[in-house]
Amino acid sequence: MSGLRDILIARIRADGPMTLADYMADCLMHPTHGYYATRDPLGAAGDFTTAPEISQMFGELLGLSLAQVWLDQGSPGAFTLAECGPGRGTLMADVLRATRAVPGFHAALRLHLIETSPALRAVQAARLGRDDITWHDHLDALPDDAPLFLLANEFFDALPIRQLQREGDMWRERCVGVQDGALTLGLSAPKPVAALAHRQDDTRDGDIVEICAGAQAMAGAIGARIGAQGGAALIVDYGDWRSLGDTFQAVAGHQTADPLADPGEADLTAHVDFEALAQAATPAAHTRLTPQGVFLERLGITARAQTLAQGLEGAALEAHVAAHRRLTHPTEMGTVFKVLGLFPETAAPPPGLET
Ligand code: SAH
């Protein structure tokens, strides 16, 4: 029996059905029952595994791409190095190790992490082992007086979405209600939705469109800083250019689950609408949306994999070869995951990406 389920049922009985966004926010970040607020869900023993947990090569190559942008922009003397949703801190640890050889980079960086989960903040602190980290709950709190170099891997998919189902020139909102004592999905009455005016031409009656207001606000805050102060962002996630259809899903124990079955006990995600992020990020320019496999190949993952393989044998070598394949192969993470780069209009795009 989930404590959060009882809380949500009581609230819906009092206030009426809740939007998917409000449901998702509580399931993930409720201070005492939220999925991320209370645990470290990553890795083989957890519910899901992410690219930085699969191989050190992922963070090394992303770090070197950002460091090259920093060099190309004239090695600014003090800059913000930020990560959204750093999980176990593995990506940032690999970035910091790989960039140690870049002269001046470490002396100039100020490390800022955006993380709401107290449990994961503790894991990140232990992993990174430094006393100069500033944590923030919200991206808005990042400094706006220095160039921003930012990473986000599997962060935007965790932000709460709304789902709207088209009916003529109106939309019905998918909401969580209560029926016979259980949580159930329902539809609101049709209403106009100004934010979906541009979707009249590419949707039909019955189609579901997702909106992530939080993602757009954060992309806006990132783009404003990069546009004004310089820097770059690398955003990696599953999703596509423009969202269509129901991508709301739950994962527990490496298996998909019913998102309403056990509130707070499963990871809830939705695909990222990269078009919405790119548009919200103006005045920053954006790169073409690029498959993760293509991006990592362009950055030289095969050469790096061969170098690392020289020191390995037996099961460790097999695991290393499998990890390389998993990150890049089109049938594994290579195509489903995409990379979007944000950069100043007057600068070159990050290495590995094109406009
Ligand atoms: N980037 C990591 C972890 C991905 S899991 C990796 O690739 O391994 C998602 C991360 O985002 C977790 O650290 C989670 O606590 C954090 N997170 C989720 N929603 C958030 C929010 N609204 N604000 C800040 N952090 C959030």
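The second largest pocket of this structure has a volume of about 420 Å³. The model is a predicted one. The largest pocket has a volume of about 590 Å³, and the ligand sits in that largest pocket. The points below take the second largest pocket, the largest pocket and the ligand in turn.

**The second largest pocket**

- The lining of the second largest pocket consists of 17 residues, and those closest to its centre are Phe 48, Thr 49, Glu 154, Tyr 238 and Phe 337.
- Three strands each give two or more residues to the lining of the second largest pocket: strand S11 (249–252), strand S12 (255–257) and strand S13 (267–269).
- By residue class, the lining of the second largest pocket comprises 6 nonpolar, 7 polar and 4 charged residues.

**The largest pocket**

- With a volume of about 590 Å³, the largest pocket is lined by 30 residues, of which Met 29, Gly 85, Glu 115, Phe 155 and Ala 158 are the closest to its centre.
- Helix H2 (20–29), helix H4 (51–54) and helix H6 (90–98) are the elements that give two or more residues to the lining of the largest pocket.
- Among the contributing elements, H2 gives the most to the lining of the largest pocket, namely 3 residues.
- The lining of the largest pocket divides into 16 nonpolar, 8 polar and 6 charged residues.

**The ligand and its shell**

- The ligand is located in the largest pocket.
- Around the ligand there are 19 residues, and Thr 50, Gly 85, Gly 87, Glu 115 and Asn 153 come nearest.
- Gly 85 and Glu 115 are among the residues nearest to the ligand, and both are also listed among those closest to the centre of the largest pocket.
- The shell around the ligand is made up of 10 nonpolar, 6 polar and 3 charged residues.

**Polar contacts and burial of the ligand**

- Through its side chain, Thr 50 places an N or O atom 2.5 Å from an oxygen atom of the ligand.
- Gly 87 approaches the ligand through its backbone, where an N or O atom lies 3.1 Å from a ligand oxygen atom.
- Asn 153 also uses its backbone, with an N or O atom 2.7 Å from a nitrogen atom of the ligand.
- The ligand taken alone exposes 570 Å², and the protein buries 95% of that area.

Technical notes:
Residues numbered from 1 in each chain as written. Predicted model: local features only at pLDDT ≥ 70, side-chain atom pairs only at ≥ 80, totals over all residues. Heavy atoms only, no water. Near = heavy atom within 4 Å. Polar contact = N/O pair within 3.5 Å; in protein donor to acceptor, adjacent residues only side chain to side chain. Areas by Shrake-Rupley, 256 points an atom, 1.4 Å probe, with all protein chains shown as cover. 1 Å grid on protein atoms, 1.4 Å probe; cavity = no way out; pocket = protein on both sides within 12 Å on 5 of 7 lines; lining within 4 Å. Sits in = over half its atoms within 2 Å of the grid points. Nonpolar A, V, L, I, M, F, W, Y, C, P; charged D, E, K, R; others polar. Points joined across faces, edges and corners; volume = space filled by probe spheres on them. Helix = DSSP H or I, 4+ residues; strand = E, 2+ residues; numbered from the N terminus.
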